[in-house]
Amino acid sequence: MIIFDLICSHNHIFEGWFSSSKDYETQKENKLLLCPSCGSEDIKKSVMAPNIGLKTNQKKTSPPQSLQQSAPQPMTQTAPDAESQPIATNSISDTPIINQNEAAIKEAAKALSKVQEAVLKESVFVGNKFSQEARSMHYGEADKRKIHGHATQKEAHELQEEGIEIAALPLPYIPPDLKN
């Protein structure tokens with residue numbers, strides 16, 4: 001699994017999880033990538049710093065004392081009546097930073113939920129027969145259509161090895177037969 005930081009034309013930064021770089025390119029070409037904040041399809045990879053592990057013969061060292069002192073401290077928000085400690089705020093809007101992050105997360109989840117709902121409306125639920133249905137369509141034994149359903153990790157891996165493109169739903173899903 002590869003995680004890319006993505007950015008839309010409105011400078012919203014978000015993560016995308018892909019099975020490979022080719023998977024990212026395919027989804028981008030097919031306009032399957034949408035910004036969870038604004039719905040923009042104009043998505044690019046953002047600059048990322050790789051996380052490279054230490055060699056097994058190297059010891060972990062702590063940063064120099066000068067860097068430890070200048071490290072950013074965690075932001076907290078105090079209760080409104082606690083006058084002794086200020087609330088961390090965004091200098092542009094004076095809105096508490098924590099509240100801005102919570103709001104951004106809620107908005108991103110709402111946008112992602114809407115995208116998933118729209119995709120599922122155009123798709124047929126096939127339940128536990130997902131792997132069989134996907135193979136039938138891939139090998140021309142059934143008409144191609146959009147489907148969704150359940151597959152084990154092993155089944156999903158086998159489908160990918162056969163060159164059948166699949167994607168996991170980003171949010172939990174309640175099958176139609178279990179809805180009230």
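A residue is called exposed when its relative accessible area is over 50%, buried when that area is under 20%, and partly exposed in between. The legends below use these words throughout, and they describe a predicted model.

**Figure 1. The loop between S1 and S2 holds Asn11, an exposed residue with a positive phi**. Asn11 lies in the loop between strands S1 and S2, and because its relative accessibility is 59%, Asn11 counts as exposed. The phi of Asn11 is near 65°, which is a positive value in a residue other than glycine. Most residues other than glycine have a negative phi. The hairpin to which Asn11 belongs has four residues between its strands S1 and S2.

**Figure 2. Strands S1 and S2 pair in the antiparallel sense**. Strand S1 covers residues 2-8 and strand S2 covers residues 13-18, and the pairing between S1 and S2 runs over six bridges. Within this pairing, Phe4 stands opposite Gly16 of S2. Strand S2 has two faces: Phe14, Gly16 and Phe18 form the covered one, whereas Ile13, Glu15 and Trp17 form the uncovered one. Gly16 therefore belongs to the covered face of S2 under the description of that strand, and Gly16 is also the residue that Phe4 stands opposite.

**Figure 3. Cys8, Cys35 and Cys38 are shown in a structure that holds zero disulfides**. A disulfide would need a pair of cysteine sulfur atoms within 2.5 Å. The cysteine sulfur closest to that of Cys8 is in Cys35, at 3.7 Å, and this is too far for a bond. Cys38 is likewise in no disulfide, and the nearest cysteine sulfur to Cys38, again that of Cys35, is 3.7 Å away. As for accessibility, Cys8 is buried, with a relative accessible area of 4%, while Cys38 counts as partly exposed at 36%.

**Figure 4. Lys31 has a positive phi and lies in a loop after helix H1**. Lys31 is found in the loop between helix H1 (21-29) and strand S3 (43-45). Its phi is about 55°, a positive value, although Lys31 is not a glycine. Because its relative accessibility is 55%, Lys31 counts as exposed.

**Figure 5. The second largest pocket is shown with its lining residues**. This pocket has a volume of about 170 Å³. Helix H3 (residues 97-121) gives the most to the lining, with four residues. The residues that line the pocket are Ser113, Gln116, Glu117, Leu120, His148, Leu171, Pro172, Tyr173, Ile174 and Lys179. Sorted by class, the lining has five nonpolar, three polar and two charged residues.

**Figure 6. Gln116 of helix H3 is shown with the residues it touches**. Gln116 lies in helix H3, and with a relative accessibility of 9% Gln116 counts as buried. When residues up to four places away in sequence are not counted, Gln116 touches Leu169, Pro170, Leu171, Pro172 and Tyr173. Among the lining residues of the second largest pocket are Gln116 itself and its contacts Leu171, Pro172 and Tyr173.

**Figure 7. Helix H4 is shown with its buried residues and the elements that cover them**. The buried residues of H4 are Phe130, Ser131, Ala134, Ser136 and Met137. What covers these buried residues includes strand S4 (124-127), strand S5 (147-149) and helix H5 (153-161). Gly140 follows H4, and the phi of Gly140 is positive, near 75°.

**Figure 8. Arg135 of helix H4 is shown with its contacts**. The place of Arg135 is in helix H4 (residues 130-138), and at 23% relative accessibility Arg135 counts as partly exposed. Not counting residues up to four places away in sequence, Arg135 touches Glu158, Leu159, Glu162 and Ile164. Arg135 and Glu162 are 27 residues apart in sequence, and their C-alpha atoms are 8.9 Å apart in space.

**Figure 9. The whole chain gives the setting for the close-up views, with five helices and five strands**. From the N terminus on, the elements follow the order β-β-α-β-α-α-β-α-β-α. Of the 180 residues of the chain, 19% count as buried. Among the contacts with a separation of 6 or more, residues 24 or more positions apart account for 40%.

Key:
Residues are numbered from 1 along each chain as its sequence is written. This is a predicted model: local features need pLDDT of at least 70, side-chain atom pairs count only at pLDDT 80 or more; totals for chains, interfaces and linings use all residues. Side-chain values use heavy atoms; hydrogens and water are left out. On a 1 Å grid over the protein atoms alone, a cavity is a set of points where a 1.4 Å probe fits but cannot get out, and a pocket is an open set with protein on both sides within 12 Å along at least five of seven lines; lining residues have an atom within 4 Å of a point. Grid points are joined across faces, edges and corners, and a volume is the space filled by probe spheres set on the points. Ala, Val, Leu, Ile, Met, Phe, Trp, Tyr, Cys and Pro count as nonpolar, Asp, Glu, Lys and Arg as charged, and the others, Gly among them, as polar. Buried means under 20% relative accessible area, exposed over 50%, partly exposed in between (1.4 Å probe, protein chains only). Two strands pair if DSSP finds at least two bridges between them. Contact means heavy atoms within 4.5 Å.
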